[in-house]
Amino acid sequence: IKDYYKQLYANKFDNREEMNKYQNIYNLPRLNYEEIENLNTPIRSKEIASVIQSLPSKKSTGPNDFPAAF
């Protein structure tokens, strides 16, 4: 997928038809209406707290090397 986006943004398209043709070549999965609506709902603080609590405490989550316990 990384290569797809690299190619996608390397090309400049003047219209949507040309962009749609290009995207259809790769046959990417599409979201249905319910999935789109779910992604558009606001993130609640309870959800954030739940995710943070579920992280392994002695592992870092990214390049900053801070463990989840921090």
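A residue counts as buried when its relative accessible area is under 20%, as exposed when that area is over 50%, and as partly exposed in between. Keep those cut-offs in mind. By this rule, 4% of the 70 residues of the chain are buried. The structure above is a predicted model.

Start with confidence. The mean pLDDT of the chain is 81. A value of 70 or more is reached by 91% of the residues. The elements do not score alike: helix H3 has the highest mean pLDDT, at 93, and helix H1, residues 2-10, has the lowest, at 77.

Now follow the chain. It has 4 helices and 0 strands. Read from the N terminus, the order of elements is α-α-α-α.

Next, look at the overall shape. How does the radius of gyration of the chain stand against that of a compact globule of 70 residues? The globule would come out near 11 Å, but the chain has 19 Å. Along the principal axes, the C-alpha atoms fill a box of roughly 50 × 30 × 20 Å.

Turn to the surface. The chain exposes about 7,000 Å². Carbon and sulfur atoms supply 53% of that area. Charges are part of the picture too. The chain carries 10 positive and 9 negative charges. The mean positions of the two groups lie 8 Å apart.

Three residues make good stops along the way. The first stop is Tyr9, in helix H1. Is Tyr9 buried or exposed? Its relative accessible area is 62%, so Tyr9 is exposed, since the cut-off is over 50%. Compare its place with that of Ile48. Tyr9 and Ile48 are 39 residues apart in sequence. In space, their C-alpha atoms are 32 Å apart.

Move on to Thr41. Thr41 sits in the loop that links helix H3 (33-39) and helix H4 (45-54). Its relative accessible area is 37%, which falls between 20% and 50%, so Thr41 is partly exposed. Its side chain has a polar partner in the backbone. A polar atom of the Thr41 side chain lies 2.8 Å from the backbone oxygen of Asn38.

The last stop is Pro56, in the segment after H4. Why does Pro56 count as partly exposed? Its relative accessibility is 45%, and this value lies between the two cut-offs, so neither buried nor exposed applies. Now find Pro67. Pro56 and Pro67 are 11 residues apart in sequence. From C-alpha to C-alpha, Pro56 and Pro67 are 8.2 Å apart in space.

Notes
Residues are numbered from 1 along each chain as its sequence is written. This is a predicted model: local features need pLDDT of at least 70, side-chain atom pairs count only at pLDDT 80 or more; totals for chains, interfaces and linings use all residues. Side-chain values use heavy atoms; hydrogens and water are left out. Helices (H or I, at least four residues) and strands (E, at least two) are DSSP runs, numbered from the N terminus. The radius of gyration is taken over C-alpha atoms; the globule rule is 2.2 Å times the number of residues to the power 0.38. Buried means under 20% relative accessible area, exposed over 50%, partly exposed in between (1.4 Å probe, protein chains only). Accessible areas come from the Shrake-Rupley method with a 1.4 Å probe; for residues, only the protein chains shown count as cover. Lys and Arg count as positive and Asp and Glu as negative; His and the chain ends are not counted. The place of a charge is taken as NZ of Lys, CZ of Arg, CG of Asp or CD of Glu. A polar contact is a pair of N or O atoms within 3.5 Å; within protein, one must be able to donate a hydrogen and the other to accept it, and residues adjacent in sequence count only if both atoms are side-chain atoms. pLDDT is the predictor's confidence in each residue, from 0 to 100.
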